[in-house]
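Me: I'd like to learn how to read the features of a structure like this one. Could you walk me through it?

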Amino acid sequence: MPPYRLPMYRERPAVRCINFLCAVLLTMVLVAGIIMFVLWLSLRPHRPRFFLDDFTIPNLNRQSGAVNLPVRFTVDERNPNQKIGIHYGTIYGSVYYNDLLVASGPVVQPFYQQPKGDTPLLGQLTASGPTPGDPAWQRFAGDAAAGSVALRLLLNSTVRFQVQMWDTREHHMKVDCEFGLRGDGTLQQGDKNKQCTLYF
């Protein structure tokens with residue numbers, strides 16, 4: 001009796017074609033994923049950097065209070081991206097002495113920052129306090145007399161990153177600069193060009 005042989009299975013041409021197409025499609029998806037990952041690594045946006053270049057409140061130590069004194073500052077904005085520009089909305093500035101608001105308002109109009117660009121943000125506000133009637137005045141006046149007044153400058157805006165013709169969605173941005181002023185209202189030397197903290 002001859003040995004029993006299992007019948008040979010022959011794959012249908014249609015099945016072979018489908019398997020081939022699936023293999024090609026999976027390969028294309030894998031290659032596209034690798035390309036997108038490489039592009040993301042090379043084009044992913046880096047956050048801008050901000051440095052406090054100067055800050056002054058002339059006559060800070062006057063006895064009648066800080067109301068209506070000019071508040072002037074320069075913050076250096078740097079875009080570290082090689083191929084990505086940044087669109088800024090209106091930038092609003094606020095100055096605080098502890099929790100007391102000293103001055104606030106819009107300081108810079110919307111602008112576009114080129115890749116690897118460096119833009120000085122020039123702000124000017126008018127102080128709304130403190131006054132001798134404020135609870136914080138005695139401490140403020142004492143700090144000014146001692147030659148060291150600790151302040152915070154907050155900058156708020158929205159940003160969009162641009163790669164050629166493609167823009168990202170808007171992100172809310174907050175820049176926090178902590179520094180000290182001398183008794184005459186000028187920036188302490190140790191805080192000049194100090195990097196500010198950036199929040200997104």
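**Reading the model**

Reply: Let's start with Leu-21, which lies in helix α1 (residues 13-43). Helices (H or I, at least four residues) and strands (E, at least two) are DSSP runs, numbered from the N terminus. Keep in mind that this is a predicted model: local features need pLDDT of at least 70, side-chain atom pairs count only at pLDDT 80 or more, and totals for chains, interfaces and linings use all residues. Residues are numbered from 1 along each chain as its sequence is written, and side-chain values use heavy atoms, with hydrogens and water left out.

Me: How many helices and strands are there in the protein?

Reply: The protein has 2 helices and 12 strands. Along the sequence the pattern reads α-β-β-β-β-β-β-β-α-β-β-β-β-β.

Me: Back to Leu-21: which residues form a nonpolar patch with Leu-21 on the surface?

Reply: Patches are made of residues with over 30% relative accessible area and no salt bridge; like charges are joined within 9 Å, nonpolar side chains (Val, Leu, Ile, Met, Phe, Trp, Tyr) within 5 Å. A salt bridge is a side-chain nitrogen of Lys or Arg within 4 Å of a carboxyl oxygen of Asp or Glu. Areas come from the Shrake-Rupley method with a 1.4 Å probe; for residues, only the protein chains shown count as cover. Here Leu-21 joins Phe-20, Val-24 and Met-28 in a nonpolar surface patch, with about 410 Å² of accessible area together.

Me: And what about aromatic pairs?

Reply: A pair of aromatic rings is described by the distance of the centres and the angle of the planes. Rings of Phe, Tyr and Trp (its six-membered ring) pair if their centres lie within 6.5 Å; planes under 30 degrees apart count as stacked, over 60 as edge-to-face and the rest as tilted. By this rule the count comes to 7 aromatic pairs. One of them is Phe-50 with Tyr-88, edge-to-face at 6.5 Å centre to centre and 85 degrees between the planes. Phe-50 lies in strand β1 (residues 49-56) and Tyr-88 in strand β3 (residues 85-88), so this pair ties together parts that are 38 residues apart in sequence.

Me: Are Phe-50 and Tyr-88 buried or exposed?

Reply: Buried means under 20% relative accessible area, exposed over 50%, partly exposed in between (1.4 Å probe, protein chains only). Phe-50 is buried, and Tyr-88 is too. Ring pairs also link Phe-50, Tyr-88 and Phe-111 into a cluster.

For a stacked case, take Phe-161 and Phe-200: 6.3 Å centre to centre, with 20 degrees between the planes. That pair links distant parts of the chain, with Phe-161 in strand β8 (residues 149-163) and Phe-200 in the segment after β12 (197-199), 39 residues apart. Phe-161 is buried at 5% relative accessible area, while Phe-200 counts as partly exposed at 36%.

Me: Which ring does the charged end of Lys-174 sit over?

Reply: A charge sits over a ring if NZ of Lys or CZ of Arg is within 6 Å of the ring centre and within 35 degrees of the ring normal. The charged end of Lys-174 is over the ring of Tyr-199, 5.3 Å from its centre. Arg-78 lies over the face of Phe-51, 4.0 Å from the ring centre.

Me: Anything to look at in the backbone?

Reply: Try the peptide bond joining Gly-129 and Pro-130: it is cis, with omega about 5 degrees. Pro-130 lies in the loop between β7 (118-126) and α2 (137-146). Then check Asn-68, which has a positive phi of about 75 degrees although it is not a glycine. Asn-68 is exposed, with a relative accessible area of 59%.
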